[in-house]
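I set out to record, entry by entry, what I looked up in this structure. My topics are one residue, the nonpolar core, and the enclosed and open spaces.

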Amino acid sequence: MRPRRLSRKATGVDAVFEQSARVIGASMLVITGGVGLFLGYQAKPTFQTYGWSFFTTQVWQPDTNTVGIAAVLVGTFSVALVAMTFAFPLSLLTALFISEYAPARLKPTLVAMVDLMAAVPSIVYGLWGYLLVMPHAGDFAVWMQAHFGWIPLFDVRGSDPNAAVIDQSRYVSSAFCAGIAVAMMVLPMACAVMRQVFSQTPVGEKEAALALGATRWGMIRNVVLPFGRGGIIGGTMLGLGRALGETIAVVLILSPTFEIKPNLLEIGNSTVSSLIAGRFGEANTSQLSALLAAGFVLFLITLVINTLAAIIVNRSRSGAGTDA
């Protein structure tokens, strides 16, 4: 008798699912590519008019034909830096607590609460940051300048934190205040990625470490964290990619200025997304092209960061590159 020939070709429901997944995946690539092509086409007149000066000019004054994104690019990364400074340790510790310390009955509730944070609208985080966080962040900024003002990041020009009457208006509506609000928005995404990777740590290796006398923290330090290294990096980069593009919360909190400043605690700054949101409604044809050019640059930056994050997370899920 001839041996039966086995076919790896999907049939029935499997074939429908395979083709559906393929179509959906391809459509996402088409949409992303279409957005990039549209932004690039609309930005072409701006790049032809201003050239490299578009990337080196700080001010944004379309009326005088002086347009550049140097200041807003620096401001974008400044807000994202503050956001990740707060979000990274919080997301890492939250993911470790849920995966390793939380009781089994409590884990689903904690996971649902973290996921619910991702569903909260940006405007709510913006109002929370503006009305509740910013006054306290201003007080903390005064303390930071008083003790670490010799570092440019924590200096507020033209203000004395030891004065009898402190000008609080110099310490609010800053990249520091906006970054705190953005941190709460990117925390759920980073935490979800880290928690998912931590949950894939081989149980046998964890039990072996405990059997050899390791404490729970020793097991986490020597087994869980090395295995989840890719997830930690990938989750952080995914959070950074979202922090770079946050808009509404930044618009509500940040006082727009077009100046490259290393002073995170000082009032005034601007980001690419807040620039587009604030100037889009009143822009004419040439100004609209400049705004779309700024959006195209931000699109490329976030695309590169998210792509690298996805590659790192996929490697961690397959176990590659996780040897201690």
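**Entry 1: Asn314**

I looked up the exposure of Asn314 and found it partly exposed, because its relative accessibility of 47% falls between the 20% limit for buried and the 50% limit for exposed. I note that the model is a predicted one. I then placed Asn314 in the secondary structure: the residue belongs to helix 12, which covers residues 285-318. I also checked its position relative to Met194. The two residues are separated by 120 residues in sequence, and their C-alpha atoms are 12 Å apart in space.

**Entry 2: Nonpolar core**

Which residues have the most contacts inside the largest nonpolar core? I found Phe54, Trp60, Ile69 and Phe198 in that role, in a core of 81 residues. I then asked which element gives the core its largest share. That element is helix 6 (residues 175-198), with 17 residues.

I followed Phe54 further and set aside its neighbours within four places in sequence. Phe54 is then in contact with Thr46 and Phe47, with Trp60, and with the run Val67, Gly68, Ile69 and Ala70. The list of contacts of Phe54 is completed by Ala290, Ala293 and Ala294. I note that Trp60 and Ile69, both in contact with Phe54, are also among the residues with the most contacts inside the core.

**Entry 3: Cavity**

I searched for enclosed space and found one cavity of 30 Å³ or more. The largest cavity holds about 30 Å³ of space. I listed its lining as Thr76, Val79, Ala80, Ala243, Leu244, Glu246, Val250, Thr271 and Ser273. Helix 3 (70-101) and helix 9 (229-245) are the elements that each give two or more residues to this lining. Helix 3 provides the largest share, three residues. By class, I recorded five nonpolar residues, three polar and one charged in the cavity lining.

**Entry 4: Pocket**

I next turned to open space. The volume of the largest pocket is about 170 Å³. Its lining consists of Val250, Val251, Leu254, Pro256, Phe258, Asn269, Ser270, Ser274, Leu275, Gly278 and Arg279. Two or more of these residues come from each of helix 10 (248-253) and helix 11 (272-279). With four residues, helix 11 gives the largest share. I sorted the pocket lining into six nonpolar, four polar and one charged residues.

I closed with a cross-check of the two linings: Val250 appears in that of the largest cavity and also in that of the largest pocket.

Terms used: Residues numbered from 1 in each chain as written. Predicted model: local features only at pLDDT ≥ 70, side-chain atom pairs only at ≥ 80, totals over all residues. Heavy atoms only, no water. Core = buried A, V, L, I, M, F, W, Y, C linked by side-chain atoms within 4.5 Å. Buried < 20%, exposed > 50% of the residue type's maximum accessible area, 1.4 Å probe, protein only. Contact = heavy atoms within 4.5 Å. 1 Å grid on protein atoms, 1.4 Å probe; cavity = no way out; pocket = protein on both sides within 12 Å on 5 of 7 lines; lining within 4 Å. Points joined across faces, edges and corners; volume = space filled by probe spheres on them. Nonpolar A, V, L, I, M, F, W, Y, C, P; charged D, E, K, R; others polar.
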